[in-house]
Amino acid sequence: MKCVICHSEDIEVKEIKEEIKIGNDIVYVPIEIPVCNSCGERYYERKTLQKLEETEFRLKNKEITVKEVGKVLTV
Ligand SMILES: [Zn+2]
């Protein structure tokens, strides 16, 4: 597999934290996807996107318990 952005072959499956915004809050959802080590491009598979959509839906319905790990601040 070659990166479509930078043509590097240095692509590795990694656990990353996808951000889902719920109102003013950001929820980090750990997922495993191929990531280009050279430019950082993430390759989402269809089933990953479906899982994220489902997770977002369940978060909005408060079906998933979340815990606070820090604060998001602004000025
Ligand atoms: Zn790349």
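**View A. Pairing of strand 1 and strand 2 in the predicted model.** Strand 1 covers residues 11-22 and strand 2 covers residues 25-36. The two strands run antiparallel to each other and are joined by twelve bridges.

**View B. The hairpin of strand 1 and strand 2.** Two residues lie between the strands. Gly-23 adopts a positive phi near 60° in this hairpin. Ile-22 is placed opposite Asp-25, a residue of strand 2.

**View C. The zinc ion and its protein donors.** Four cysteine sulfur atoms serve as donors: SG of Cys-3, SG of Cys-6, SG of Cys-36 and SG of Cys-39. Their distances to the zinc ion are 2.3 to 2.4 Å. Along the sequence, the donor residues follow the spacing C-x2-C-x29-C-x2-C. Cys-36 is a zinc donor and also falls within the residue range of strand 2. The structure contains zero disulfides.

**View D. Geometry around the zinc ion.** The angles subtended by the four donor atoms are 106 to 114°, so the arrangement is tetrahedral. The ideal angle for four tetrahedral donors at a metal is 109.5 degrees.

**View E. Accessibility of donor cysteines, including Cys-3, Cys-36 and Cys-39.** Cys-3 has a relative accessibility of 1% and therefore counts as buried. Cys-36 is likewise buried, because its relative accessible area of 2% is under the 20% cut-off. Cys-39 has a relative accessible area of 37% and is partly exposed, since this class lies between the 20% and 50% limits.

How values were computed: Residues are numbered from 1 along each chain as its sequence is written. This is a predicted model: local features need pLDDT of at least 70, side-chain atom pairs count only at pLDDT 80 or more; totals for chains, interfaces and linings use all residues. Side-chain values use heavy atoms; hydrogens and water are left out. Donors are N, O and S atoms within 2.8 Å of the metal (3.2 Å for Na, K and Ca); water is not among the atoms, so sites may look incomplete. Four donors count as tetrahedral if all angles lie between 85 and 135 degrees; four count as square planar and six as octahedral if opposite donors are over 155 degrees apart and all others between 65 and 115; anything else is irregular. Buried means under 20% relative accessible area, exposed over 50%, partly exposed in between (1.4 Å probe, protein chains only). Two strands pair if DSSP finds at least two bridges between them. Helices (H or I, at least four residues) and strands (E, at least two) are DSSP runs, numbered from the N terminus. A disulfide is a pair of cysteine sulfur atoms within 2.5 Å.
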